[in-house]
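Here is a short tour of charge pairs, sulfur atoms and a chain-to-chain contact. Take a look at the structure first, and then we can walk through it together.

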Amino acid sequence: MQDFIHNISTTVSVAALTACLGLATPLTANAADDADIAKGKELSFDRKKGNCLACHDIAGGSLPGNIGPPLVAMKSRFPEFDKLRAQIYDARKNNPDTIMVPFGAHAVLTDTEIDMVTKFIHTL
Amino acid sequence: MKKYLAALSVLLMIATPVVSQASPEEDLKNFRAYFKDRFKDVPVEDYINGVYAIDQASREQWEQYEEFPPYEIYISKGEEIFNKKFANGKSFASCFPNYKKGIKQNYPYFDEASGQVVTMEGDINKCLTDNGEEAFKWQKGKIAYVGAYIAYLSRGKTINVKTPSTPAALAAYNKGKQHFYAKRGQLNMSCADCHYNNPGNKIRADILSPALGHPSGFPVYRNSWASSDAGDGMGTLHRRYGGCNKQVRAKPFKPQSDEYKALEYFHTYMSNGLKLNGPSLRK
C-alpha cells in the first residue's frame, strides 16, 4: 500500500514537473520513462526488493557493500539493454556460481519491476 | 496468488551443489590452506575471533566492549542452574563428570549406537530429561546460559572433533558439508557464498566473517539479539544458523534438527585445532 501511494506520488510529481515545464501532455513516452527510472531506483535501493546496495556501490545510495563491482558506466559495459536485463533477471546465465540473486528466475522482482530496475541501472 | 506460489516453490528449492568427494582430512587441509592464502597476515589462531580477526577497525571497538562483557552475568546464571539440584537430588554434574576440566572441545561427536550427531546442547537437554526434568528450549535462555558456563570452563581447550570414519559418521559429515555449500532460499545463497567466498567483503554495511573459527565462540551474546522481542542477547549456534538461513529467505530448519547437527559437525570439524573462546560478544 505504501508502495502504491509512493508510486502515485512519483507519478504525480513527474506529471506536475512536466506541467511546470510547460509540456503539453504529462505522460509522454519520456515522462513515463522518467517515472519508471525513479521507481526503478527506489526498487533497487529498497532492502525488501532489489537491495542491490547490499553488494554494489550505486551513485545516490548509502552504505553500499562491495561483493559485486560498482555499478558505473553501465551504458558502455552493457550497450544492449536486453543483456543488462538478462544479468539482473538471472545472473547465473553468465556465472553459474554467482552469489548474485536470480531476481527474475526466483520471483524476487516481477517482470515489470525488473524492467524498471534495468532502466534505472542503464542510466548509471 | 501465482506470485505467492512461485515464491513458495523457490523457498523449497535448493540447488544441489557439486561438492568435492574429498575425505574429511583433505577437506580440513584445503579449508585451512584457503584461508591462510586469502588472509596472509592473519595468524590461524586468530580466526576464533570471527570478523574481528580480519577487520582491525571493528576489532578495537569490540575489545573495548569485551572489557565489561555483557555475557558475564549469563555465565553466572548458567553456573547457578548447573549446580541447582534436580527433583531427584542430582544435578548437571552427574551427566558431565569432567565439566570443570573443560568438555566442550569434544562436541559435536558422532554416536554410532544412536546413529546421531551429539551436540553439547543435546547433552544438556538429555541430562534434564534423563533425570525427569523438563528440557530447555533450544535457542536461547537457560540452554544458552548453561552452555555459556560449560563453554567458559572449556576456554582455551583445543577443538577436537573426531574425524568421521565410519559410513554413518561420514554420511552425517557429508550432509553437513552439503548444507554448507548448497545454495538455498529465494535469494539463492550458500553459507560458503558469504563465509568462504566473501569473508572480508561487505554485504551492505556488514563485513562478512570467515567460516574458519565460527563455532569457537558460541554461545554468543549479540547486540542484535538483545531487544524486547529478540531476547536478552544470548543465543546458540543453531540460532545463528536459523538467522543466516532466514536472511536468504530460506525456511530455517529446527534447532537440533538432523540437518543443523550435521552442519555443526562439518562446520566444527573445519575448525579443529583452534582454541575455544566462548562465550563471546558479537554485533
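Over all chains of this predicted model, the count comes to 15 salt bridges. As general background, side chains of opposite charge can pair when their charged atoms come close. Three pairs from chain A make a handy starting set:

| Salt bridge | N to O distance |
|---|---|
| Lys119(A) and Asp33(A) | 3.2 Å |
| Glu80(A) and Lys83(A) | 3.4 Å |
| Asp115(A) and Arg85(A) | 2.6 Å |

Let's begin with Lys119(A) and Asp33(A), whose side chains meet at 3.2 Å. Lys119(A) belongs to helix H5 (residues 111–122) of chain A and Asp33(A) to helix H2 (residues 29–45) of chain A, so this pair ties together parts that are 86 residues apart in sequence. Both ends have some access to the outside: Lys119(A) is partly exposed at 24% relative accessibility, and Asp33(A) is partly exposed with a relative accessible area of 32%.

Helix H5 of chain A appears again in the pair of Asp115(A) and Arg85(A). Here Asp115(A) sits in helix H5 and Arg85(A) in helix H4 (residues 81–89) of chain A, so the salt bridge ties together parts that are 30 residues apart in sequence. Are its two ends buried or partly exposed? Asp115(A) is partly exposed, with a relative accessible area of 29%, whereas Arg85(A), with 18%, is buried. Shared partners also matter for the bookkeeping: Asp33(A), Asp36(A) and Lys119(A) are joined into one network by their salt bridges. As for the pair of Glu80(A) and Lys83(A), Glu80(A) counts as partly exposed at 48% relative accessibility.

Now to the sulfur atoms. Over all chains, the structure holds one disulfide, and it joins Cys95(B) to Cys127(B) with an S to S distance of 2.0 Å. This pair links distant parts of the chain, 32 residues apart: Cys95(B) is in the loop between helix H4 (72–83) and strand E1 (109–111) of chain B, while Cys127(B) is in helix H5 (residues 120–130) of chain B. What is the handedness of the disulfide between Cys95(B) and Cys127(B)? The torsion about the S-S bond is about 75 degrees, so the disulfide is right-handed. Cys95(B) is partly exposed at 31% relative accessibility, but Cys127(B) is buried, with a relative accessible area of 2%.

Other cysteines have no such partner. Cys52(A) is in no disulfide, and the nearest cysteine sulfur, in Cys55(A), is 8.8 Å away. Cys52(A) counts as buried, at 12% relative accessibility. Why does Cys244(B) not bond to Cys191(B)? The sulfur of Cys191(B) is the closest cysteine sulfur to that of Cys244(B), but at 7.5 Å it is too far for a bond. Cys244(B) is partly exposed, with a relative accessible area of 27%.

Finally, there is the contact between the chains. Chain A brings 23 residues to it and chain B brings 20 residues. About 1800 Å² is buried between chain A and chain B, and carbon and sulfur atoms give 53% of that area. In chain A, the residues that lose the most area to chain B are Ile67(A), Ile99(A) and His106(A), together 32% of what that side buries. By class, the chain A side that touches chain B has twelve nonpolar, seven polar and four charged residues. Between chain A and chain B there are zero salt bridges, while eight residue pairs are in polar contact, with both residues at pLDDT 80 or more.

How values were computed. Residues numbered from 1 in each chain as written. Chains lettered and ligands numbered in written order. Predicted model: local features only at pLDDT ≥ 70, side-chain atom pairs only at ≥ 80, totals over all residues. Heavy atoms only, no water. Contact = heavy atoms within 4.5 Å. Buried area = accessible area lost by both parts, 1.4 Å probe. Salt bridge = Lys/Arg side-chain N within 4 Å of Asp/Glu carboxyl O. Polar contact = N/O pair within 3.5 Å; in protein donor to acceptor, adjacent residues only side chain to side chain. Nonpolar A, V, L, I, M, F, W, Y, C, P; charged D, E, K, R; others polar. Disulfide = S-S within 2.5 Å. Helix = DSSP H or I, 4+ residues; strand = E, 2+ residues; numbered from the N terminus. Buried < 20%, exposed > 50% of the residue type's maximum accessible area, 1.4 Å probe, protein only.
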